[in-house]
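Reader: I have a model open on my screen and a few questions about the words used for it. Could you walk me through them?

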Amino acid sequence: MNRTKGDEEEYWNSSKFKAFTFDDEDDELSQLKESKRAVNSLRDFVDDDDDDDDLERVSWSGEPVGSISWSIKETAGNSGSTHEGREQLKSRNSFSSYAQLPKPTSTYSLSSFFRGRTRPGSFQSLSDALSDTPAKSYAPELGRPKGEYRDYSNDWSPSDTVRRLRKGKVCSLERFRSLQDKLQLLEEAVSMHDGNVITAVLIFLKRTLCKEILFRELEVRQVALRHLIHFLKEIGDQKLLLDLFRYLDRTEELALSHYREHLNIQDPEKRKEFLKTCIGLPFSAEDSAHIQDHYTLLERQIIIEANDRHLESAGQTEIFRKHPRKASILNMPLVTTLFYSCFYHYTEAEGTFSSPINLKKTFKIPDKQYVLTALAARAKLRAWHDVDALFTTKILQEYVNLVEDVDTKLNLATKFKCHDVVIDTYRDLKDRQQLLAYRSKVDKGSAEEEKIDALLSSPQIRWKN
């Protein structure tokens with residue numbers, strides 16, 4: 001390509017390129033010229049290592065850098081440059097004005113470029129330098145607050161750790177390795193009166209201490225002990241809870257905790273056998289009666305369920321044909337069982353397990369509870385005759401008891417079969433003979449007969465005859 005001298009000067013002055021280039025602008029080596037000024041401008045900041053001591057620096061035209069001819073050409077080239085060039089020269093001079101500042105180590109050198117490797121500690125290769133991506137500026141990371149460094153170094157005292165846990169911040173407890181540190185951490189948590197923090201520390205102690213040491217230390221720390229017992233109950237760790245009660249010699253709590261396991265047994269027969277093993281455990285007198293009733297009730301329910309399932313499938317019983325069962329009676333409460341019995345087995349003899357009177361007698365159901373349950377069951381069936389009888393008996397007893405004359409009261413009570421009124425009257429009169437005579441008028445095996453027998457054998461009553 002032929003150009004006049006004027007055209008060439010205009011080309012060099014107007015082009016963004018400041019050095020020799022081949023006609024092919026896509027050639028990879030053409031990008032080296034873009035690094036010329038950047039490298040030269042960093043000259044004052046570059047520490048010459050041993051890699052550069054044996055090299056002579058040359059310009060892009062081949063002139064030795066720093067020679068007189070190189071300086072003249074540089075001055076001439078810059079004097080005819082555009083505004084952009086003048087700004088670059090101004091920037092270069094500004095760099096020189098700060099030459100007295102400490103020189104940071106550069107990550108670039110020409111020798112490393114031409115050898116195809118980076119200087120020690122650098123992060124950019126020759127191919128990276130020649131790429132189209134502009135070089136990035138890596139600023140030093142700003143220093144973190146001292147408190148944040150303490151988070152990562154776990155440099156927290158037990159009191160500081162507990163306060164941070166109370167605020168909901170994440171804290172590692174692994175640094176507390178000695179038993180003394182762990183116990184101090186627990187005491188700090190207890191002093192904060194925060195249940196969540198106490199539980200968090202207890203979980204850590206449960207995981208890092210053997211149970212013997214844990215139980216021994218908690219035995220003298222009752223607040224933490226109560227939190228651990230509650231936590232073990234919540235998560236269902238029955239084995240550790242039983243071991244803890246056994247260690248503390250809390251026999252009654254141990255028995256109750258063992259009894260709770262029946263809730264996890266779904267099979268009725270297996271649950272019944274488990275309840276049988278609970279009867280001999282060291283419960284209180286009240287709880288022992290409850291365990292016995294629970295076992296007896298489930299035993300009755302199993303018998304009633306099997307019999308009623310058979311009757312329902314056979315289809316020969318009217319009550320089951322008109323009112324099919326909607327649910328099993330197994331594991332139902334006592335009142336529900338009584339309602340079921342009054343609904344399906346109200347007229348059965350007292351000797352059968354499904355008889356309402358049998359249930360009332362066996363489990364000592366109060367009269368008021370029995371009447372209310374029976375009324376609800378019979379009213380649901382629209383058995384109004386039974387409802388009237390229940391109301392009549394109950395009301396008559398109330399009114400007969402209000403009669404002051406004893407003979408009149410006994411006559412009315414005997415006529416309307418208000419057995420309780422007759423029995424209570426003979427008891428108050430301490431008339432043993434009349435009570436024995438009335439015993440033959442009540443049903444065998446009935447609650448009234450049992451009541452008479454209990455009165456006759458009572459040593460607290462001084463009978464007249």
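**Rings, confidence and a pocket**

Author: Gladly! Let us begin with two rings of this predicted model: Phe343 and Tyr344 are both buried.

Reader: Why is the pair of Phe343 and Tyr344 called edge-to-face?

Author: Their planes stand at 65° and their centres are 4.8 Å apart. Rings pair if their centres lie within 6.5 Å, and planes over 60 degrees apart count as edge-to-face, so the name fits.

Reader: And what makes the pair of Tyr340 and Tyr344 tilted?

Author: Here the angle is 50°, with 4.9 Å from centre to centre. An angle neither under 30 nor over 60 degrees is called tilted, so that is the word for this pair. Tyr340 and Tyr344 are about one helical turn apart because they lie four residues from each other in helix H18. Together with Phe320, Phe339 and Phe343, Tyr340 and Tyr344 form one aromatic cluster.

Reader: How do you know which elements the predictor trusts?

Author: By the mean pLDDT: helix H18 has the highest, 94, and helix H5 (residues 110-115) the lowest, 42. Over residues 44-54 the pLDDT is below 50. Where pLDDT is low, the coordinates should not be read in detail.

Reader: What makes up the lining of the largest pocket?

Author: The pocket holds about 1300 Å³ of space. Among its 38 lining residues, Ile357, Lys360, Asp420, Ala447 and Glu448 are the closest to the centre. The lining divides into 14 nonpolar, seven polar and 17 charged residues. Asp, Glu, Lys and Arg count as charged, so Lys360, Asp420 and Glu448 belong to that class. Helix H21 gives the largest share, seven residues.

Terms used:
Residues numbered from 1 in each chain as written. Predicted model: local features only at pLDDT ≥ 70, side-chain atom pairs only at ≥ 80, totals over all residues. Heavy atoms only, no water. 1 Å grid on protein atoms, 1.4 Å probe; cavity = no way out; pocket = protein on both sides within 12 Å on 5 of 7 lines; lining within 4 Å. Points joined across faces, edges and corners; volume = space filled by probe spheres on them. Helix = DSSP H or I, 4+ residues; strand = E, 2+ residues; numbered from the N terminus. pLDDT = per-residue confidence, 0-100. Contact = heavy atoms within 4.5 Å. Phe/Tyr/Trp six-rings, centres within 6.5 Å; stacked < 30°, edge-to-face > 60°. Buried < 20%, exposed > 50% of the residue type's maximum accessible area, 1.4 Å probe, protein only.
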